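I opened a fresh page for this one. My plan was to look at one chain, then at where it meets its partner.

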Amino acid sequence: MKKSIIVICLLLLVLNIVSAQTKLPGIKVRTLDGKEVLATEFSNNGKPFVISFWGTWCKPCLQELQAIADHYTDWNSESGFKLIAVSTDDAKNSAKVKSFTRGKAWPFEIYTDSNQNLYRALNITNLPFMLIVNAQGEIVYSHSGYVPGSETEVYKQFKEILEKGSAQ
Amino acid sequence: MKNLHVLAVAVSLFFGTKNIHAQFLTGANFSGSFETKNQLFRTDNNIGATVPNDKIGSNNYLKLDFSKGIFVAGMRYEAYLPVIFGYSPLYNGNKIVNRFFGIRKDKFELTVGNFYEQFGSGLVFRAYEDRQLGIDNSVDGVSIKFNIIEPVTIKAIYGKQRLGMETGNGIIRGIDAELDVFGLLKSNTANYLSVSGSLVSRYEAYTGGLSTVPENVTAYSARFDFVAGNFGLNSEYVQKSSDPHLLNKYSYRKGRTLLINSSYSLEGMGMNVNLRRTENMDFRAEREAVNSDLLINYVPGLSKQHKYSVLNLYPYAVQSNNEIGGQIDFYATVPKGTFLGKNYGTLISANFSTYYEMDTIATTNAEAFNSDFFAVSKTKYFHDFNVEIEKKWSKKLKTTLTYANIYYNKTKLEGEAYEIVKSNSVVADFLYFINEKNSLRIELSHLATKTDYLNWVGAMVEYGVAPYFTCFVSDLYNYQGNKRAHYYNTGFAISKGDLNFSLRYGRQKKGVLCVGGVCTQVPAFSGFVAGLTVAF
C-alpha cells in the first residue's frame, strides 16, 4: 500500500512538470486491406482532422458515425472536414469491418485497432470516443459518449480549430 | 498513518515544484485515466438478488503513462474495495498490478513488464483487457517486435500471465512471423497478401502421479490474408499438442481449429462469410484454470453482437472445445431517390449464424473421443437469424426496426438441464429530434418463446440534451408464468470532454453477459450503480 502511494505521488510529481499527452503515439493500426500504418501518419493535407473510436457492436458509435456520414459531403466541401474512424472490434467482428462500412457507404478513412493498442495508449475507457488533431498534429479536443445532436458540436469545434490554425 | 505522511510529503513536493523544469523531462508526454465503478446492493427477493456481506462494491483503476522520445513507461493501480459482485473474487485488495518500461521505434519495439499482444486473430495467443467482464490476461515478461527486413514482422513474447492480483504459475512463450508477400516482391499492386506463422508454448510443472501428463503444451498456427480489390479471403489453421486439463475433462486429444473468413464489398453493399471448426482449443496457462482465468488464446463466438437488451437475453457463448458452424452477414444501402430509399436512403443489414456440436465417436483411450474433421452432429447449440432496417424519414425522425429468430440450447450452453429456447423478437427504435439539441429515443421490444421465462416485453425512453446529458427509464418484463418480474432501470449520464459520470438505479437479471463472444455469469443485482471515468 505504502509502495503504491509513493509511486503514484512520484508520478503526480512528474505530471506537474511535463505536459499532457498532446500528440498521437507511434502505434500501428491496419487499413481495411490489412496493411500496417502508424497513427502518427494520420493527416488531412495540413488541416485538422477528427478521429472517432468505434465498434460494430456499439449502438451510440453507429448513431454518431451515421449522423456524421449524413452531413459529410456538405461539411467536407465547406471546410475540408475529415473523419478517421478507428474500429476497436476484435477478432469477433474485425473480419466484418470492411463489408460493414462499405455496405453503409461511409465516406470515412477507416482503420482497425483489433487488440486496442492505440485505444489503450490514448487512455480511452469508453466508446464512442472522439478527438480532434490540429494542423500541428496536437490533440486539442476530446469527447467521450454520444448524445443525438452532438455531431454539430464536433463540427463547431473542428471549425474553431481550423480558424485558430489559419489565424496563426 | 505512515501512508498519510508519505502522501503529505509527496503532495507538498507536487505543489512545491510547480516551477521546476527538470531538464531530462523536457518534451515528455504524460497521460492517464481513472475509472471507478461502485454498486450499492439491496435485497430483492422478487429477482433473487442477495446482498453480500459488504453492501457496497467498488472497482477502481488508475492508469498512468509516460513517454519521451523512444522511451515509454506506465503503470496501473487497481483497488477493489471490495470487488463488485459477479467479478472474480481473485480481484481483491489494492495494488499496482501493471507496470512496464519500453522502447518504441519505427522498426523495433521492446516492452519489459506487463504487456498486451495478439498473434493473428488471436486463435493461438491474445493478451487483452476487458474491464466489463473482468478479464485481464496481460503478460508480465518481455515482448519484442521488429522488422529485420521491411516486409517481415517478427513478434516474440515471454512471461507469466496475470491472475487476479498476482500472476499464474504457467510460463508462456511465443513467436510470430508475418510476411507481406507483395512488399517482398516490391510489387506495386494495390492488392495485399500476407503469409504468417506462430508458435506458442506453455510450461506448467506437474507434481501429480501420472507420468503421461505433459508439462509443455505447444500450439502452432499458419495463416494467410489476401485482399484483391473488393474481394478478401483469410484463413488460419491451428494445432495444439495434447493438453489434458479440467475444462476438456482431461482429454489427451490434440486441439485443431480451422477458421475461414471471406468478404466481398462494393460501395453501398457488403457481405462476408465466416466458417469455423474448433476442437479442444481451450488453451490456458494452468491446467486447473476455470472461468475467464489465464486464457492464452482467444476464440470468439462468431455471431451477431446485439445492441438491444431483449436480444441479449440469449447470447451465444463459444464452445471452443467442440464446435462447428459459421455466419453470413449482408449490409446494403438503398440509395436516396429510389422507392425504398426516399429522401435519405435506407440501411439494411441481415445476419445468420448457426453452430453445432461436432459428430464424435466416444473411445476408451485417453483421447476420450474421435471425429472426422468436418463431421457435424445433429445437436445444435445456437442459431440466430436477424434483419435490421434503419430509415431516416426526415431531419427530425429516424427509425430502426429489428427482427431476430434465435435458437438457444440452454442445456449445452449453460450446462444445466433446460428445454431448448426458440424465440422470435422484434424491436422498434424511434429517434425524434425535438430541436437541434434535444432528442427523444423510444425503444419498444417483444420476445416470444414458449419455454424458460416465456414472453418478454420491453420499453425504454431516453431523453438527450446534446452534447452533455442523457437520462432514461426502462423496463423489461416477462409477463407470463410464475417467474414474472419487472427489470426496471432508471439513470442519467453526463459527459464533458474526457469526463463521464453516470448513475443508475434498478435491477439486473441473473444471466450471461457476453462481450466479444466471451461470456461471464452475472448474478441478479438490485440497487445503485455509479461510475466515473476521466482521461487526462
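I first fixed my terms: buried means under 20% relative accessible area, exposed over 50%, and partly exposed in between (1.4 Å probe, protein chains only). By that rule, buried residues make up 63% of the 168 residues in chain A.

A note on sources: this is a predicted model, where local features need pLDDT of at least 70, side-chain atom pairs count only at pLDDT 80 or more, and totals for chains, interfaces and linings use all residues. Residues are numbered from 1 along each chain as its sequence is written, chains are lettered from A and ligands numbered from 1 in the order in which they are written, and side-chain values use heavy atoms, leaving out hydrogens and water.

Next I turned to the interface, counting a contact as heavy atoms within 4.5 Å. I found 69 residues of chain A in contact with 103 residues of chain B. K92(A), R102(A) and N123(A) supply 10% of the area that chain A buries against chain B, more than any other three residues; buried area is the accessible area (1.4 Å probe) that two parts lose on being put together, summed over both.

Then I looked for salt bridges (a side-chain nitrogen of Lys or Arg within 4 Å of a carboxyl oxygen of Asp or Glu). Seven turned up across the interface of chain A and chain B. K96(A) forms a salt bridge with D329(B), with the closest N and O atoms 3.3 Å apart.

Last, I checked a single residue of chain B: is S196(B) buried or exposed? S196(B) is buried, because its relative accessible area is 8%.
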